Amino acid sequence: MLNEKVESALNHQIKIEAQSSQFYLAMASWAETEGLVGTAKFLYEHSDEERQHMLKLIKFVNERGGKALIPELEAPPEDFESIVEIFKTLLQHEIKVTNHVNEVVDICLSEKDYTTHNFMQWYVAEQLEEEATARTIMDKLQMIGNEKAGLYLFDRDLENLTPEDQPLE
Ligand code: FEO
């Protein structure tokens, strides 16, 4: 049986992952309307991944005898200023997600729930990877600046990258 505090922390994490999926979906849709085909593809995939993160938590909570709560979500922004703003926001968002994951891990330890602690290690590793990818993308964008040809190539590169891949060289 899941401890009440752990269950509530996991349900909060379900909301964070769902909200992330919705947020990246809004970014993907915006990129698509801007003709940024590669960026849109990358973000649609990222949004799907976040949904998978949410589902994995839902199943875990229910399998352990808890009750997963399907949350109400805030509407994400409709517009973004630029591709740079998107990835800056994405990185900041992922850092927040990492902090939330760490909080869940902390609660597992203080409640001595080592099974959930073990389960959460997958999220710890995933966050490391996602932050690294977002940082590499941001570094690349900073090098390109507002140069149109560079942004075109960047978008094309992203088309061949999935959020699970190694960051761009
Ligand atoms: Fe599942 Fe990127 O947080």
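How many salt bridges does the structure hold? There are 5 salt bridges, a salt bridge being a side-chain nitrogen of Lys or Arg within 4 Å of a carboxyl oxygen of Asp or Glu. The model is predicted, so local features need pLDDT of at least 70 and side-chain atom pairs count only at pLDDT 80 or more, while totals for chains, interfaces and linings use all residues. Residues are numbered from 1 along each chain as its sequence is written, and side-chain values use heavy atoms, with hydrogens and water left out.

One of these bridges joins Lys 5 to Glu 111, with the closest N and O atoms 3.5 Å apart. Lys 5 sits in helix α1 and Glu 111 in the loop between α3 (83-110) and α4, so the pair ties together parts 106 residues apart in sequence. Helices here are DSSP runs (H or I, at least four residues), numbered from the N terminus.

Lys 5 turns up again at the N-terminal end of α1, where Asn 3 acts as a cap: a side-chain oxygen lies 2.7 Å from the backbone nitrogen of Lys 5. At the other end, α1 is followed by Gly 35, with a positive phi near 80°. Similarly, Lys 112, just after α3, has a positive phi of about 55°.

Then there is the pairing of α2 (residues 37-63) with α4 (residues 114-144): their axes, lines fitted to C-alpha atoms over the stretch in contact, come within 12 Å and cross at roughly 170°. The two helices are therefore roughly antiparallel (angles over 145 degrees, on a scale from 0 to 180 between N-to-C directions).

Methods. Angles under 35 degrees count as roughly parallel, over 145 as roughly antiparallel, 65 to 115 as roughly perpendicular and the rest as oblique. A polar contact is a pair of N or O atoms within 3.5 Å; within protein, one must be able to donate a hydrogen and the other to accept it, and residues adjacent in sequence count only if both atoms are side-chain atoms.
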